[in-house]
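Colleague: I have this chain open on my screen and would like a close look at a single part of it, the hairpin loop and the strands around it. Could you walk me through that part and how it sits in the rest of the chain?

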Amino acid sequence: MTGPKKRPEKHSENATRGTTFTPRFDIWEGEQELTLLGDLPGVDPADLDVQFENRLLTIRGEVKRQASPDSYLLSEYEVGDFQRSFTIGEKIDASGITAEMKDGVLTLHLPKSEEAKPRRIKVQAG
């Protein structure tokens with residue numbers, strides 16, 4: 001028989017926090033941009049950190065409990081820290097990236113740079 005379980009220690013703000021779960025994302029490509037939709041119910045936009053550097057898009061955040069753990073009859077909702085990273089193969093205009101959160105869904109727009117956008121090449125008769 002084992003002894004009582006220890007509660008995890010709280011990390012200082014400068015310490016690296018472990019990932020508790022991995023949120024789901026959809027990604028699709030249009031002619032002008034890449035779009036990502038992330039399922040993040042219960043996440044406050046102030047608790048999100050989105051970074052794009054060297055073709056790596058990283059989304060970090062935290063989902064906090066909505067009530068005291070003692071008051072739950074059933075708890076299936078994911079809480080805690082999360083992180084998701086994607087390597088982006090397209091050339092992206094990093095200065096034009098936008099993010100918005102609505103109804104628990106994070107939408108990221110990553111506009112393609114002009115050189116990555118498709119262009120039509122006219123064929124000359126010769």
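Modeller: Sure, and let me start with the whole chain before zooming in. Of its 126 residues, 25% count as buried. Keep in mind that this is a predicted model. The accessible surface comes to about 10100 Å², with 47% of that belonging to carbon and sulfur atoms. As for secondary structure, you get 0 helices and 7 strands, so to speak a plain β-β-β-β-β-β-β when you read along the sequence. If you take the contacts between residues at least 6 apart in sequence, 56% of them join residues at least 24 apart.

Now for the hairpin. Strand β3 covers residues 49-53 and strand β4 covers residues 56-63; the two run antiparallel and are joined by 5 bridges. One pair to click on is V50, which stands opposite I59 in β4. Between the strands of this hairpin there are 2 residues, and both N54 and R55 are found in that loop.

The backbone here deserves a look at the phi angles. N54 has a positive phi of about 50°, although it is not a glycine. R55 also isn't a glycine, and its phi is positive too, at about 70°. What about their surroundings, buried or exposed? N54 has 72% relative accessibility, and because the cut-off for exposed is over 50%, it counts as exposed. R55 comes out at 47% relative accessibility, so it counts as partly exposed.

Follow β4 away from the loop and you find its other pairing. Strand β5 (residues 80-87) runs antiparallel to β4, and 8 bridges join them. T58 of that pairing stands opposite S85 in β5. So much for the hairpin's own neighbours; next comes the other sheet.

There, 4 strands form an open sheet in the order β1-β2-β7-β6, with antiparallel pairing. β1 (25-29) and β6 (98-102) stand at the edges with a single partner strand each, so one side of each has no neighbour in the sheet. From one strand to the next, the twist averages 15°. Inside that order, β2 (residues 33-39) and β7 (residues 105-111) run antiparallel and are joined by 7 bridges. E33 has P111 in β7 as its bridge partner.

Where does the hairpin strand meet the rest? Look at the largest nonpolar core, which has 18 residues; L57, I59, F82 and L110 are those with the most contacts inside it. β2, β4, β5 and β7 each supply at least two residues of this core. As a general point, nonpolar side chains tend to be buried together in soluble globular proteins.

To trace one of these by eye, pick L110. Leaving aside its neighbours within four places in sequence, L110 is in contact with E33, L34, L36, L57, I88, I92 and I97. L57 is on that contact list, and L57 is also one of the core residues with the most contacts. I59, the residue opposite V50, belongs to the core as well. If you colour just a few residues, I'd take N54 for its positive phi in the hairpin, then L57 and L110 for the core.

Notes. Residues numbered from 1 in each chain as written. Predicted model: local features only at pLDDT ≥ 70, side-chain atom pairs only at ≥ 80, totals over all residues. Heavy atoms only, no water. Pairing = 2+ DSSP bridges. Axes fitted to C-alpha atoms, helices over the stretch in contact; angles between N-to-C directions. Core = buried A, V, L, I, M, F, W, Y, C linked by side-chain atoms within 4.5 Å. Buried < 20%, exposed > 50% of the residue type's maximum accessible area, 1.4 Å probe, protein only. Contact = heavy atoms within 4.5 Å. Areas by Shrake-Rupley, 256 points an atom, 1.4 Å probe, with all protein chains shown as cover.
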